Amino acid sequence: MKKQLFTLIALLIFSVGCTDRDDDVSAVNIRIKNNNSFTYDQVQVGAIENIHQNVAGGDFSDYLEYERAYRYAYIEIDTMGTSHVLQPIDFVGETELGPGFYTYELQIDAEGNVGLDFKRD
């Protein structure tokens with residue numbers, strides 16, 4: 001009897017423990033990775049309602065949901081009183097991202113240019 005109860009409890013824990021954040025995803029979720037050593041005070045990705053705040057050097061922001069997103073985007077980083085912008089020309093030939101979790105790894109170079117490296121999480 002004890003063996004059967006133990007097996008039942010183990011199966012229950014295993015089935016609950018195997019749920020993944022991707023199991024019920026219905027939107028595009030994007031986070032920022034700051035590849036610089038200084039903090040990004042604000043990072044705007046696309047529309048103004050999507051603001052990632054206080055992303056420390058080497059850290060990740062929380063995920064934010066987006067209605068529409070691509071492998072690259074308009075990015076505005078405010079840091080140390082300066083604004084740095086990555087402005088895409090167009091999205092011709094690009095396909096929208098499907099529901100899931102993604103990371104935009106950002107870096108500001110010595111000339112103030114913003115670089116973006118897209119990652120699927």
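In this briefing, strands are DSSP runs of type E with at least two residues, and they are numbered from the N terminus. With that in mind, Met80 can be placed in the loop between strand β5 (75-79) and strand β6 (82-86). The model described here is predicted, and the chain averages a pLDDT of 87, with 80% of the residues scoring at least 70.

**Confidence along the chain**

- Confidence is lowest in helix α1, which covers residues 2-17 and has a mean of 55.
- At the other end of the scale, strand β7, made up of residues 100-108, has the highest confidence, at 98.

**Positive phi angles outside glycine**

- Met80, the loop residue introduced above, has a positive phi of about 50° although it is not a glycine.
- Because its relative accessibility is 61%, and exposed means over 50%, Met80 counts as exposed.
- Asn54 also has a positive phi, near 50°, and is likewise a residue other than glycine, but Asn54 is found in strand β3, which spans residues 51-55.
- The relative accessibility of Asn54 is 56%, so this residue counts as exposed.

**Aromatic pairs and a cluster**

- A search of the whole structure finds four aromatic pairs, and among them is the pair of Tyr102 and Phe118, which is stacked, with 5.5 Å from centre to centre and 25° between the planes.
- This stacked pair links distant parts of the chain, since Tyr102 sits in strand β7 and Phe118 in strand β8 (residues 114-120), 16 residues apart.
- Both Tyr102 and Phe118 are buried.
- Tyr104 and Phe118 form an aromatic pair that is tilted, with a centre-to-centre distance of 6.2 Å and an angle of 55° between the planes.
- Because Tyr104 lies in strand β7 and Phe118 in strand β8, the tilted pair ties together parts that are 14 residues apart in sequence.
- Tyr104 has a relative accessible area of 1% and is therefore buried, and Phe118, with a relative accessible area of 11%, is buried as well.
- Taken together, Tyr102, Tyr104 and Phe118 form one aromatic cluster.

**A charge over a ring**

- Arg31 lies over the face of Phe60, at a distance of 4.0 Å from the ring centre.

Terms used:
Residues numbered from 1 in each chain as written. Predicted model: local features only at pLDDT ≥ 70, side-chain atom pairs only at ≥ 80, totals over all residues. Heavy atoms only, no water. Helix = DSSP H or I, 4+ residues; strand = E, 2+ residues; numbered from the N terminus. Buried < 20%, exposed > 50% of the residue type's maximum accessible area, 1.4 Å probe, protein only. pLDDT = per-residue confidence, 0-100. Phe/Tyr/Trp six-rings, centres within 6.5 Å; stacked < 30°, edge-to-face > 60°. Lys NZ or Arg CZ within 6 Å of the ring centre and 35° of its normal.
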